[in-house]
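Hello! Here is the structure I promised to pass on to you. Have a look at it first, and then read on for what turned up in it.

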Amino acid sequence: MVINYAEVGRRMAKRRKELSLKQREVCEMVDANYKYVSNLETGRSVPSLEMIMKLCEALDTTPNYLLLGTEIGSDRSADRQLLEKISRLSPEGKRLINGIIDLIEDYS
């Protein structure tokens, strides 16, 4: 498998913009200089595995999305939102949600 780093950079930039982050903010989050992050987004530099993981954390996505373009990264955010909502429910509400999930699983 060949990884197209220009595409990786485009996905990085797209995800950064979706989160309304500036390049400088991402630089601070991943402890990298501005020129390096700019070069990553334009495909002129190849990120290390460690940098890919830092970028995934900063951009709330997965290596699958950055490297391959699969949309798994959006599932992670949706899962987190769902867990936050469930955690705020009463014990009865949690039991109700659990029953609904069981029903959905039975029909899937």
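**Rings and a charge**

There are 0 aromatic pairs in the structure. Please keep in mind from the start that this is a predicted model. One ring does have a charged partner, though: the charged end of Arg24 sits over the ring of Tyr34, at 4.2 Å from the ring's centre.

**How the helices meet**

Next, try turning the model until you can see helix 3, which covers residues 34-41. How do helix 2 and helix 3 lie relative to each other? Helix 2 spans residues 23-30, and its axis comes within 9 Å of the axis of helix 3, crossing at roughly 110 degrees. The two helices are therefore roughly perpendicular to each other. On the helix 2 side, the contact is made by Gln23, Arg24, Val26, Cys27 and Val30, and on the helix 3 side by Tyr34, Val37, Ser38 and Glu41. You will recognise Arg24 and Tyr34 from the charge and ring described above.

Helix 3 also packs against helix 1, which runs over residues 5-18. Here the angle is about 115 degrees and the axes are 6 Å apart. Helix 1 and helix 3 are therefore roughly perpendicular to each other. From helix 1, the residues Tyr5, Gly9, Arg10, Met12, Ala13 and Arg16 meet Val37, Leu40 and Glu41 of helix 3.

**Two buried residues to look at**

Is Glu41 buried or exposed? Glu41 belongs to helix 3, and its relative accessible area is 10%, so it counts as buried. Which residues does Glu41 touch once its neighbours within four places in sequence are set aside? They are Gly9, Arg10, Met12, Ala13, Arg16 and Gln23.

That last residue, Gln23, is worth a click as well. Gln23 sits in helix 2 and is buried too, because its relative accessible area is 13%. Apart from neighbours within four places in sequence, Gln23 is in contact with Arg16, Tyr34, Val37, Ser38 and Glu41.

**An exposed arginine**

Now move on to Arg44, in the loop between helix 3 and helix 4 (49-58). With a relative accessible area of 58%, Arg44 is exposed. Its side chain is joined to that of Thr42 by a polar contact of 3.3 Å. Not counting residues up to four places away in sequence, Arg44 touches Ser38 and Asn39. How many Å separate the C-alpha atoms of Arg44 and Tyr5? These residues are 39 apart along the chain, and the separation is 7.9 Å.

**Two positive phi values**

Finally, a look at the backbone. Most residues other than glycine have a negative phi. Against that background, Ser20 stands out with a positive phi near 55 degrees. You can find Ser20 in the loop between helix 1 and helix 2, where it counts as exposed because its relative accessibility is 62%.

Asp60 also has a positive phi, near 50 degrees, and is likewise a residue other than glycine. Asp60 is placed in the loop between helix 4 and helix 5 (63-68). Is Asp60 buried or exposed? Its relative accessible area is 13%, so Asp60 is buried.

Enjoy exploring the model, and best wishes!

Technical notes: Residues are numbered from 1 along each chain as its sequence is written. This is a predicted model: local features need pLDDT of at least 70, side-chain atom pairs count only at pLDDT 80 or more; totals for chains, interfaces and linings use all residues. Side-chain values use heavy atoms; hydrogens and water are left out. Rings of Phe, Tyr and Trp (its six-membered ring) pair if their centres lie within 6.5 Å; planes under 30 degrees apart count as stacked, over 60 as edge-to-face and the rest as tilted. A charge sits over a ring if NZ of Lys or CZ of Arg is within 6 Å of the ring centre and within 35 degrees of the ring normal. Helices (H or I, at least four residues) and strands (E, at least two) are DSSP runs, numbered from the N terminus. Buried means under 20% relative accessible area, exposed over 50%, partly exposed in between (1.4 Å probe, protein chains only). Contact means heavy atoms within 4.5 Å. A polar contact is a pair of N or O atoms within 3.5 Å; within protein, one must be able to donate a hydrogen and the other to accept it, and residues adjacent in sequence count only if both atoms are side-chain atoms. Axes are lines fitted to C-alpha atoms, for helices over the stretch in contact, and angles run from 0 to 180 degrees between N-to-C directions. Angles under 35 degrees count as roughly parallel, over 145 as roughly antiparallel, 65 to 115 as roughly perpendicular and the rest as oblique.
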